[in-house]
Amino acid sequence: MNIGWYLAVSAIIFCIGAGGVLTRRNPLVVLLCLELMLNGANLALVAFARMWGSEDGQIFALIVMVLAACEVTVGLGLVVAIYRRRLPIDVDELNELQG
Amino acid sequence: MSATTAAWLVLLCPLVGTILIATGYRFWPGRSAGWLATAAIAASFVFSVITFIKLRGFSPDHRTLTSTLWNYDVSAGVDAKLQILVDPLSVFMILVVSGVSALIHLYSVTYMTLDRGFSRYFSYLNYFVLSMLLLVLAGNFLLLIVGWAFVGAASYLLISYWYRRTTATRAGIKAFVINVVGDVGLVIATFILFRHTGTVQFLGVFHAVPHTFAHNGGAINAAALLLLVGAFAKSAQVPLHTWLPDAMEGPTPVSALIHAATMVTAGVYLIARTHVIFEWAPTAADIGAIGGCATLVLAATVALVMTDIKRVIAYSTMSQIGYMIMGVCVGAYSAGLFHLMTHAFFKALLFMAAGSIIGAMAGEQSLDRMGGFRRALPFTFGCFIVGGLALSGLPPFSGWLSKDDVIAFLDHRAGAFLIMGIIAYAGALLTAVYTFRMIFRAFFGDPVLEARELEEGHLHHAEVPHNPMSGEEEDTDVGFPGPGHFIAEREVPMKVAMSALAVLAVIGGLVQIPGVDDAVTKFLDPSFADSKYAHTQVSTGSAWLGLIIGALIAVTGISIAYRIWVARPGTATRLRERFAGPYVFLWHKWYFDELIDFLVVRPALWTGRLVDSVVERSVIQGVFTGGASGAVRAGSAAVRRAQTGFVRYYAALMIVCISGVALYFLIASG
């Protein structure tokens with residue numbers, strides 16, 4: 001099968017994720033969308049690895065998964081902390097870091 | 001052991017003493033630090049004697065030795081070496097310095113026994129002796145400057161030794177600042193000499209001076225005058241003299257050591273050492289002689305009215321150093337140095353005796369409160385009389401022979417120098433008067449309370465110790481004088497030190513009697529062989545004539561003092577009332593402190609304030625630091641707008657930017 005199909009699917013998933021990150025305000029959904037972006041990238045990596053017949057891309061994909069797991073851990077931790085402190089669960093409300 | 005090895009050991013002993021006492025100050029029990037310091041200086045004296053003996057083993061033409069331990073830097077025309085010069089002049093100086101210092105250390109062991117900070121005192125004292133020996137042994141101008149500055153620092157430490165006395169710390173700062181003026185003069189003089197001769201070695205410079213400089217030209221006179229600034233600051237000559245009377249705030253043995261016997265003679269040594277330069281710049285030499293002459297009269301007149309016993313002796317020191325400076329500036333080198341030696345003996349003795357009286361008065365120093373100590377302090381009285389007679393110049397005491405040696409040379413050079421000689425005789429008359437004024441007021445007359453108590457065997461102690469200058473109450477903890485007071489009658493080390501100096505004050509002059517012996521001149525001759533005055537000999541007849549005039553003047557002075565203060569009590573008060581104007585003038589020390597305050601200190605303060613308000617506040621703070629921080633502040637205010645705090649905004653920005661970068665590379669690679 002042509003590599004272009006894989007890349008198209010990958011790009012679509014990535015764009016859905018990016019759109020979600022930009023438009024949604026619930027941090028949980030933002031995290032989910034981030035996962036989508038990462039997995040879109042993973043799909044592209046694995047496709048390229050298959051195309052070239054080497055393992056490099058697969059290893060990159062594995063590293064990205066580890067990274068995603070870490071990121072989700074931190075992100076969910078933050079969400080739980082926000083919930084416990086009874087702050088609004090809305091990324092637009094959490095804007096104290098402005099200059 | 002060669003002469004130079006012994007000379008290095010002369011320096012090593014006080015260095016080791018300083019380091020041991022300073023680093024182990026907590027561990028030295030009782031008086032051991034004092035004994036260690038005394039032993040170090042005594043060892044230094046022994047090595048000085050060995051150097052002397054070894055040097056005598058050479059023929060007179062080969063008595064100039066140099067020794068280099070290592071080179072700091074010998075490149076690009078700079079020859080900075082750790083080098084000493086061992087010649088008769090430096091050996092003469094180390095003998096005097098280490099010998100008198102050893103005795104003063106011995107005296108201090110008792111005098112400072114109960115003072116808190118005993119070890120600190122002795123580490124400073126050893127450090128001072130090290131600096132002074134380094135100064136006189138230095139083989140080049142750089143090491144001389146090091147010794148010169150060390151001596152100034154040691155002087156500061158010792159004057160301010162009782163550091164909780166504000167008067168003492170002020171006096172220390174004053175001494176240090178005026179000494180630094182001298183240091184600057186010396187450094188610039190060295191630079192001028194180095195620039196013209198290309199070397200800083202003494203021997204190299206002296207050899208090159210006649211070839212490189214025009215005789216009595218501008219450059220050599222500038223160098224000589226700057227050397228004079230250094231010498232005048234260190235030797236307390238007019239107008240850089242105001243620190244010396246204030247330096248009497250230090251402990252009395254310190255006054256004996258550095259403000260009478262050794263440090264203040266450094267200027268005399270400097271001029272004698274660089275006599276080649278001064279002979280090539282006669283104008284500067286004459287200015288130096290005039291300065292010395294002015295100082296000897298000025299200081300003697302002030303000494304007539306001072307009431308603080310130590311300040312009277314301090315002014316007499318200035319006056320006597322005036323004689324020496326005048327002597328070495330006109331070419332009477334060996335006479336000036338001979339007077340330096342005898343002066344070290346009798347002036348140290350006078351200070352030690354004064355310390356004993358101050359001990360009996362429980363720290364009080366004013367002559368107004370003293371009187372009648374003749375029977376209570378017989379030993380101190382004897383020492384004071386010996387020192388006083390030597391200072392006044394009565395035969396056969398040492399001061400008689402040495403002072404008139406200088407004056408005879410002045411008379412021999414005739415012309416304007418004869419006037420200086422006459423002024424010097426006038427100064428000698430004043431010397432005899434003020435010296436015996438001090439003796440008559442302290443030892444004769446009705447015994448004061450302290451003297452009567454002492455006659456019954458009780459040493460007076462003040463109920464509350466106080467500062468003799470300002471009258472402030474003090475305690476006896478560290479930073480103030482300790483609770484103990486000591487008189488030579490009861491303490492063996494003080495007695496030994498004073499006896500030794502008393503003997504030297506009597507017989508020290510006998511090494512050089514016109515027509516009989518001239519050991520000092522003969523020994524110092526190789527150092528001054530290149531001088532144009534080397535063969536100037538005062539005839540024995542005129543020398544003896546001078547000695548007889550000197551003796552007559554001393555007798556006259558003493559009898560005047562006797563008439564005023566003993567035979568007719570009350571004469572002094574009548575004189576003071578009759579000559580109220582001159583009295584006030586002298587009481588304010590010719591208004592030199594006020595003059596320097598007006599000419600130097602206040603303008604400096606005003607300049608400082610002006611610079612503070614204009615340059616510092618407007619230019620530096622306003623323009624430089626204010627401008628820089630303003631620019632940063634404005635820039636950051638502009639950038640801060642981008643930080644909105646909205647996470648989605650950041651994410652969008654990131655996506656747009658990364659897409660932009662990716663697009664750029666795609667287009668660029670395609």
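1. Which residues have the most contacts inside the largest nonpolar core? They are Phe128(B), Leu133(B), Ala348(B), Leu349(B), Ile357(B) and Leu501(B). The core itself has 218 residues. Helix H15 of chain B, residues 333-360, gives the most to this core, with 19 residues. Apart from it lies another core, of 7 residues. Ala18(A), Val30(A), Cys33(A) and Met37(A) are among them. As background, nonpolar side chains in soluble globular proteins tend to be buried together.

2. Keep in mind that the model is predicted. Chain B has a mean pLDDT of 89. In that chain, 100% of the residues reach 70 or more. For the complex, the predictor gives an ipTM of 0.88 and a pTM of 0.81.

3. Next, chain B as a whole. It holds 26 helices and 4 strands. Its C-alpha trace spans about 115 × 65 × 55 Å along the principal axes. Of its 670 residues, 51% are buried. Among contacts in chain B with a separation of 6 or more, 81% come from residues 24 or more positions apart.

4. The domain assignment of chain B gives domain 1 as 161-584 and domain 2 as 593-669. The C-alpha centres of these two domains of chain B lie 60 Å apart.

5. The contact between the chains takes 10 residues from chain A and 10 residues from chain B. On the side of chain A that touches chain B, 5 residues are nonpolar, 3 are polar and 2 are charged.

6. Now the strand pair. Strand E1 of chain B covers residues 65-75, and strand E2 of chain B covers residues 78-86. The two run antiparallel, joined by 9 bridges. Leu65(B) stands opposite Val86(B) in E2(B). Is E1(B) largely buried or largely in the open? Of its 11 residues, the number buried is 1, so the strand lies largely in the open.

7. Back to H15(B) and the loop after it. Leaving aside neighbours within four places in sequence, Ile357(B) is in contact with Ile309(B), Met370(B), Phe373(B), Leu377(B), Thr380(B) and Ala442(B). Met361(B) lies in the loop between H15 and helix H16 (378-392) of chain B. Met361(B) counts as buried because it has 25 C-beta neighbours inside 10 Å, and the cut-off for buried is 20 or more. With the same four-place exclusion, Met361(B) is in contact with Arg369(B), Met370(B), Glu450(B) and His460(B). Met370(B) thus appears in the contacts of Ile357(B) and of Met361(B). In the other direction, Met361(B) and Ala335(B) are 26 residues apart in sequence and 38 Å apart in space, C-alpha to C-alpha.

8. Ala362(B) lies in the loop between H15 and H16 of chain B. Its phi is positive, about 55°, although it is not a glycine. Is Ala362(B) buried or partly exposed? It has 16 C-beta neighbours inside 10 Å, so it counts as partly exposed.

9. Trp590(B) also has a positive phi, near 60°, in a residue other than glycine. Its place is the loop between helix H24 (580-587) and helix H25 (592-640) of chain B. Trp590(B) is partly exposed, with 16 other C-beta atoms within 10 Å. Most residues other than glycine have a negative phi, and most peptide bonds are trans.

10. Where are the cis peptide bonds to check? One joins Val238(B) and Pro239(B), with omega about 0°. Pro239(B) sits in the loop between helix H8 (218-234) and helix H9 (243-246) of chain B. Another joins Pro395(B) and Pro396(B), again with omega about 0°. Pro396(B) is found in the loop between H16 and helix H17 (398-413) of chain B.

11. Arg165(B) deserves its own entry. This residue is found in the loop between helix H5 (141-159) and helix H6 (166-197) of chain B. What makes Arg165(B) count as buried? It has 22 C-beta neighbours inside 10 Å. Leaving aside neighbours within four places in sequence, Arg165(B) is in contact with Glu249(B), Asn467(B) and Phe480(B). Arg165(B) and Pro481(B) are 316 residues apart in sequence, yet 9.3 Å apart in space, C-alpha to C-alpha.

How values were computed. Residues are numbered from 1 along each chain as its sequence is written. Chains are lettered from A and ligands numbered from 1 in the order in which they are written. This is a predicted model: local features need pLDDT of at least 70, side-chain atom pairs count only at pLDDT 80 or more; totals for chains, interfaces and linings use all residues. A residue is buried if 20 or more other C-beta atoms lie within 10 Å of its own, exposed if 12 or fewer, and partly exposed in between; C-beta atoms are placed from the backbone. Two strands pair if DSSP finds at least two bridges between them. Two residues are in contact if their C-beta atoms, placed from the backbone, lie within 7 Å. Ala, Val, Leu, Ile, Met, Phe, Trp, Tyr, Cys and Pro count as nonpolar, Asp, Glu, Lys and Arg as charged, and the others, Gly among them, as polar. A nonpolar core is a set of buried Ala, Val, Leu, Ile, Met, Phe, Trp, Tyr and Cys residues joined through C-beta atoms within 7 Å. pLDDT is the predictor's confidence in each residue, from 0 to 100. Domain bounds come from an automatic or database domain assignment.
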